[in-house]
Amino acid sequence: APYLREAARLAETWLGPDSPTTLTLIANQAGLEARIGDPRLAAEMYRQVALKRASLLGPGTFDTLAAEHGRWNAVLLAGDAADAAAGFESLAATALDALGPDHWFTAQTELSLAKSLEEYGRLEDALGHAVRAAEALERILGADHARTGAARQLQERLTARIAASASPAP
């Protein structure tokens, strides 16, 4: 993380705060921060990147949406599943409008929504989104793609959890 932090600082100095390179370096730094540092700081870094990208490129561009996706992942990693679910729900609608139903990112965002709903304890809702994401990813990327496999695994896990919660305890 220190190397990325320094690279982002240098890029901001030399290329400017709105440079695509600067914003990419900050987003990469946020990704590391989310996983090995402070996910709340990462969420704020992603938020700032998304705001700048939205003002430069537009709110519905892939780069802007990707920064928002990173933001809500960081919020989920910080333990706020309710906020992450609300963020992913909004992002999924935006991605659908901006990219359409046949873009892998739209399906991936629906899968992320399913994961956040699972963490939030809304298993039935999560399963519906996981099924739709798995079907879309299979249609778009193929049955053997890793993203499709991850969606199918989540679908199976949710189905098992729902069945287990419906079964009477021994």
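# A walk through an eight-helix chain

Start with the whole chain: of its contacts (heavy atoms within 4.5 Å) with a separation of 6 or more, 54% are between residues 24 or more positions apart. What you have open is a predicted model, in which local features need pLDDT of at least 70, side-chain atom pairs count only at pLDDT 80 or more, and totals for chains, interfaces and linings use all residues. Residues are numbered from 1 along each chain as its sequence is written, and side-chain values use heavy atoms, with hydrogens and water left out.

**Stop 1: the overview**

Switch to cartoon. You should count eight helices and zero strands, where helices are DSSP runs of H or I with at least four residues, strands are runs of E with at least two, and numbering goes from the N terminus. Read from that end, the order is α-α-α-α-α-α-α-α. The C-alpha trace spans about 65 × 35 × 25 Å along its principal axes. There are 170 residues, and 42% of them are buried; buried means under 20% relative accessible area, exposed means over 50%, and partly exposed is in between, with a 1.4 Å probe and protein chains only.

Now colour by pLDDT, the predictor's confidence in each residue from 0 to 100. The chain average is 94, and 98% of the residues score at least 70. Of the chain's elements, H6 has the highest mean, 98, while helix H1 (residues 2-15) has the lowest, 80. Keep a general caution in mind while colouring: where pLDDT is low, predicted coordinates should not be read in detail.

**Stop 2: Glu110 and its partners**

Select Glu110, in helix H6 (residues 104-120). Is Glu110 buried or exposed? Its relative accessible area is 17%, so it counts as buried. Show side chains and look for polar contacts, meaning pairs of N or O atoms within 3.5 Å; within protein, one atom must be able to donate a hydrogen and the other to accept it, and residues adjacent in sequence count only if both atoms are side-chain atoms. The side chains of Glu110 and His129 are joined by one at 2.7 Å. Setting aside neighbours within four places in sequence, Glu110 is in contact with His129, Arg132 and Ala133.

Next, pick Arg132, which sits in helix H7 (residues 123-141). Arg132 also makes a side-chain polar contact with Glu110, at 2.9 Å. The two are 22 residues apart along the chain, with 7.6 Å between their C-alpha atoms. At 42% relative accessible area, Arg132 is partly exposed.

**Stop 3: Arg147**

Move on to helix H8 (residues 146-166) and select Arg147. Its relative accessible area is 32%, so Arg147 is partly exposed. Which residues does Arg147 touch, not counting those up to four places away in sequence? They are Trp104, Gln108, Leu111, Leu137 and Leu141. For a ruler exercise, measure from Arg147 to Ala66: 16 Å, C-alpha to C-alpha, across 81 residues of sequence.

**Stop 4: the pockets**

Time for a surface. On a 1 Å grid over the protein atoms alone, a pocket is an open set of points with protein on both sides within 12 Å along at least five of seven lines, and lining residues have an atom within 4 Å of a point. The largest pocket has a volume of about 250 Å³, where volume is the space filled by probe spheres set on the points, joined across faces, edges and corners. Of its 17 lining residues, Tyr46, Ala66, Ala67, His69 and Gly70 are the closest to the centre. Helix H2 (20-36), helix H3 (39-57), helix H4 (62-77) and H6 each supply at least two lining residues, with H4 giving the most, nine. By class the lining has ten nonpolar, four polar and three charged residues; nonpolar covers Ala, Val, Leu, Ile, Met, Phe, Trp, Tyr, Cys and Pro, charged covers Asp, Glu, Lys and Arg, and the others, Gly among them, are polar.

The second largest pocket holds about 190 Å³. To see its lining, select Arg35, His69, Asn73, Leu76, Leu77, Gln108, Ser112, Lys115 and Glu119. Two nonpolar, four polar and three charged residues make up that lining.

**Stop 5: Ala27**

Finish in helix H2 with Ala27. Ala27 counts as buried because its relative accessibility is 11%. Beyond its neighbours within four places in sequence, Ala27 is in contact with Tyr46, Val49 and Arg53. One last distance: the C-alpha atoms of Ala27 and Ala8 are separated by 9.4 Å, with the two residues 19 apart along the chain.

Methods: 1 Å grid on protein atoms, 1.4 Å probe; cavity = no way out; pocket = protein on both sides within 12 Å on 5 of 7 lines; lining within 4 Å.
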